Amino acid sequence: MSDTHNSQSAHGGHGFETVAIHAGNTADPLTGAVVPPIYQVSTYKQDGVGGLRGGYEYSRSANPTRTALEENLAALEGGSRGLAFASGLAAEDCLLRTLLTPGDHVVIPNDAYGGTFRLFAKVVSRWGVEWSVADTSDPASVRAALTPKTKVIWVETPSNPLLGITDIAAVAQVAREAGARLVVDNTFASPYLQQPLSLGADVVVHSLTKYMGGHSDVVGGALIVNDAGLGEELAYHQNAMGAVAGPMDAWLVLRGIKTLPVRMDRHSENATKVADMLTRHARVTRVLYPGLPEHPGHEVAAKQMRAFGGMVSFLVDGGEEAAVAVCDRAKLFTLGESLGGVESLIEHPGRMTHASVAGSALEVPGNLVRLSVGIESADDLLADLQQALG
């Protein structure tokens with residue numbers, strides 16, 4: 001893995017683990033509380049007409065608990081501005097309506113979260129925005145998909161659900177040459193494993209619901225940027241559109257982030273053991289995990305990631321019904337959508353998270369199973385998968 005991800009220079013001399021705990025988490029000046037309070041408040045007493053106290057007037061515009069989270073997010077991604085939203089899709093919606101106008105064009109990946117595809121195909125397209133699909137693991141494919149109207153190149157790495165890897169620095173160069181913005185969905189990696197802004201991305205997107213929150217108890221989203229001007233534009237649109245993170249949700253994510261490094265280390269360790277076992281199982285025809293040397297994106301992932309993450313997908317011999325049966329037989333792996341919590345989850349993307357891409361260029365194999373490998377005992381997880389596979 002790249003040593004650049006152990007660098008402390010991007011965090012004011014402090015290591016990532018220290019920043020995760022302390023950035024934005026200033027002790028309360030009134031009581032000395034070491035955890036930022038939950039400011040469950042809608043409005044604020046002003047110091048005269050137009051005299052905002054500490055910059056706060058109404059919690060859609062700003063809330064101290066949300067501010068703490070946003071400062072933390074910016075620090076972890078090495079950005080100048082972080083914005084917290086009610087969900088990952090709310091963050092994406094704000095971003096697209098800020099960057100695009102009718103007639104613009106976007107390049108999207110041929111493997112992406114179904115909700116992201118639905119946003120482009122069913123919502124943004126009605127607004128007159130065009131899109132085309134490219135294999136973002138191949139910079140030449142991205143370049144070939146560009147048009148004179150391309151304003152955004154969208155990337156997920158690792159991708160959902162096929163765990164594809166995109167060379168962020170290489171695609172960033174393509175974007176710069178085209179005068180387009182590069183957006184990287186960093187949800188699967190988290191900033192602990194990968195920091196796209198340092199590799200040339202313009203915007204980082206997160207579903208905070210996943211690894212950042214880490215405990216399957218909150219829904220949230222985020223945007224992080226380096227460009228102060230773009231940050232101001234996004235903040236304007238966020239306030240105008242209103243899909244902000246509530247104070248309790250912001251507090252839960254901020255709490256989850258404090259243990260992000262230790263959780264991601266265990267997620268990655270357990271996922272590696274799961275992937276290794278699956279490669280040797282007679283009923284598994286292919287394992288998709290960037291930590292495997294045979295994965296086509298392994299070398300790029302090793303260059304730009306600290307470790308390979310907790311997501312593993314695999315193809316089951318016997319087709320779609322066999323894959324569904326594996327999901328149904330799992331016991332310790334809970335059948336459910338979402339990912340990134342401390343508990344392990346299993347799902348059938350074709351019928352669950354990615355049903356919206358059926359019939360499109362992003363359609364996923366029917367015999368695909370996706371795992372979110374948790375932080376339980378690795379031996380217990382392996383035993384459950386072995387019995388589920390039969």
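Which backbone oxygen does the side chain of His354 reach, and at what distance?

1. In this predicted model, the side chain of His354 reaches the backbone oxygen of Asn160, and the two are 3.0 Å apart. His354 itself is found in a loop, namely the one between strand 11 (345-347) and strand 12 (368-372).

2. His354 counts as buried, because its relative accessibility is 1% and the term applies to values under 20%. Leaving aside residues up to four places away in sequence, the residues that His354 touches include Ala112, Tyr113 and Gly114, as well as Asn160 and Pro161, and also Pro349, Val364 and Arg370.

3. Turning to the strands, there is an open sheet of 7 strands, which has mixed pairing and follows the order 1-7-6-5-4-2-3. Strand 1 (81-85) and strand 3 (130-134) are its edge strands, each of which pairs on one side only, and the twist from one strand to the next averages 20°.

4. Within this order, strand 5 (residues 181-185) pairs with strand 6 (residues 203-207) in the parallel sense, over 3 bridges. A reader who wishes to find one such position may look at Asp185, whose bridge partner in strand 6 is Val205.

5. Ala378 is found in helix 13, which covers residues 378-389. Ala378 has a relative accessible area of 12%, and it is therefore buried, since the cut-off is under 20%. Not counting residues up to four places away in sequence, Ala378 touches Asn270 and Lys273.

6. Finally, Ala378 and Val34 are separated by 344 residues in sequence, and in space they lie 34 Å apart, taken from C-alpha to C-alpha.

Conventions:
Residues numbered from 1 in each chain as written. Predicted model: local features only at pLDDT ≥ 70, side-chain atom pairs only at ≥ 80, totals over all residues. Heavy atoms only, no water. Helix = DSSP H or I, 4+ residues; strand = E, 2+ residues; numbered from the N terminus. Buried < 20%, exposed > 50% of the residue type's maximum accessible area, 1.4 Å probe, protein only. Contact = heavy atoms within 4.5 Å. Pairing = 2+ DSSP bridges. Axes fitted to C-alpha atoms, helices over the stretch in contact; angles between N-to-C directions. Polar contact = N/O pair within 3.5 Å; in protein donor to acceptor, adjacent residues only side chain to side chain.
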